[in-house]
Amino acid sequence: MASPARLSSRVDAGLLAGCVLLSFIAIVIPKEDREPIAAALRQTIVAPLVSLQRGAERWRSAWAASDRQQMVVDSLAMRAVKANALVVENDQLRKLLGLGTRLEWGFIPAEALHSTAPGEGLITTLTLTAGSRAGVQKYSPVVAGEGLVGMVQTADPSMSIAILYTHPSFAASGMTADGATTGIIYPHLGGSGDPYSMEFRGVAMRYNLTPGTVIYTSGVGHTYPRGVVVGTIVQEMKTAEVWTRTYLVRPAVPPSRINSVAILTPQRVTQGTGNVWGATLNTDSATRRIAAAGDSIAKQAALLQEKARQAALDSMKRATIDSVRRSLGAAVIPAADSAAIAAAQRGAQPAPGAAGIPGQTTPVRRDSSRVRRDSLRPDTLRRPRP
Amino acid sequence: MNWTGAVRTIFVCAILIVLHYTLRPLLAWRASIDFMIVALLLGAVRMRPGAAAAYGFILGLVADSLGVTVFGAAALGMSVVGFAASWLKAVFFADNLALNGFFLFVAKWAFDLIFLAAGSMQGSSDLVMQIFVWSPLAAAVTAVAGVLVLSVLKPLMEARTS
């Protein structure tokens, strides 16, 4: 009789053999026969697991879809950011291209790299990608399409360093568009408000500039050519100065938009930049000139009209007097202008040059009506008496 | 194994089976964690070899019913692995986590070998790649996950059978 342990071993072996045999049977039976068994399992005891697996796979799909959507959103956001940057860059390049077209000669294009000194939060210098090999010299003005940027401080062979209008060393002579108001432009240091602003100092008290007035370089000092836009007046600043005013100026070129610049050569500075930034300046001047010319023409036209009207009145008056005199048989007084007649009537001395005055040698200028009347009535005047 | 131990074991195995059908599809790793093997070994070492073989057979059928490979291959592999685990429990049944991890690694790899041999649906190159690359990786991942699970569920599994 077998011991319980051996019996258990035999039972275990039998169970293993049975399981293995059933597994082999499951493997070898045709697919048509085993599929109902699998389907029955899936629909009964495995059904909760199927549901769990389906839910998990759905979660995974949602997760992957969310990741994909997030990537798409991120990509779109990146493209939007790049598009904005490209729009800004394109705008700047267009302006620089336009500036180059207007300048035509005497400038060196360069890329501007912003650099901040350690411990400073303000951008005061720019690193330019053009150096002395390209013709850049110290103190060359740096401009952009919108206006003045700064001045070259150091010119290395392949690169140069320029100070921005925020640099403490920056100074430029400025003026308004009509050139009547002048002053000196300094950086706005240590004051309240925008640290990238400038100050227009030394403006005479009699000039009160309104906000929005455009300030240009005046060309005094020959560092910056005349007519480069510097900025616009924001407001007057309260200072201790008694005889002059100081204005806060918003720069024409914001520092964040200084990417591509042009460095003017000394020859160009000497010869000036002409109309490059002076559209407003020229427009103002032209407007004033046109207005002045219009006024002059109007005055001349009014004067001529008044003279013509006066001459017509004189002619009519003379004709009337002559007719009356002839009808009365009196001698006809030689024609004189209205001034002489008026003077004679007033008993005063006639004006020099007036016709009909004794000693007067100036030929009498007869008006058209007199000539016409004479030509119409010659017989009545010269017909001999019987 | 008393009733309390049996209930605990069943509960833990149920958790592992649920994890197999929830966490594994969610992770969808190429070398995935086989929580069924962990559940099989966790139960098998607390049973007699014959019962462990039957337990493995049932788990294998469940896996086969949801799989797309040969029906019965997983049942065969789990039956053999379960029987072997129960028979060798005197050797490997210890409180050493590293030993348990190695035990899990060997069990998973052996199961994959039997499963692939029984299924034999792949080409030779893919079969070699699966046996010597992906199966060891899956076995290692399963061993690590099994050790973590055992560590977490250790308070629940304190009462072990002798």
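Two residues count as in contact here if their C-beta atoms, placed from the backbone, lie within 7 Å. Keep in mind that this is a predicted model.

**Stop one: where A meets B.** Select both chains and pick out the contacts between them: 26 residues of chain A touch 27 residues of chain B. On the chain A side, colour α1 (4-28), α2 (31-43) and α3 (47-103), since each of these helices supplies at least two residues to the face that touches chain B. Then zoom in on α1(A), which gives the largest share of that face, 13 residues. Switch to colouring by class, and the chain A side splits into 17 nonpolar, four polar and five charged residues.

**Stop two: a covered helix in chain B.** Hide chain A and select α2 of chain B, residues 35-44. How many of its 10 residues are buried? The count is 10 of 10, running from B:F35 and B:M36 at one end of the list to B:G43 and B:A44 at the other. To see what does the covering, bring up other helices of chain B, including α1 (3-27), α3 (49-66), α4 (73-87), α6 (97-119) and α7 (124-152).

**Stop three: α1 against α2.** Keep just α1(B) and α2(B) on screen. Their axes come within 8 Å and cross at roughly 170°, which means α1(B) is roughly antiparallel to α2(B). Show side chains for the contact: on α1(B), choose B:T9, B:V12, B:C13, B:L16, B:I17, B:L19, B:H20 and B:R24, and on α2(B), choose B:F35, B:M36, B:V38, B:A39, B:L42 and B:G43. Sorted by class, this helix pair's contact has 10 nonpolar, three polar and one charged residues.

Conventions
Residues numbered from 1 in each chain as written. Chains lettered and ligands numbered in written order. Predicted model: local features only at pLDDT ≥ 70, side-chain atom pairs only at ≥ 80, totals over all residues. Helix = DSSP H or I, 4+ residues; strand = E, 2+ residues; numbered from the N terminus. Nonpolar A, V, L, I, M, F, W, Y, C, P; charged D, E, K, R; others polar. Buried ≥ 20, exposed ≤ 12 C-beta atoms within 10 Å, placed from the backbone. Axes fitted to C-alpha atoms, helices over the stretch in contact; angles between N-to-C directions. Parallel < 35°, antiparallel > 145°, perpendicular 65-115°, else oblique.
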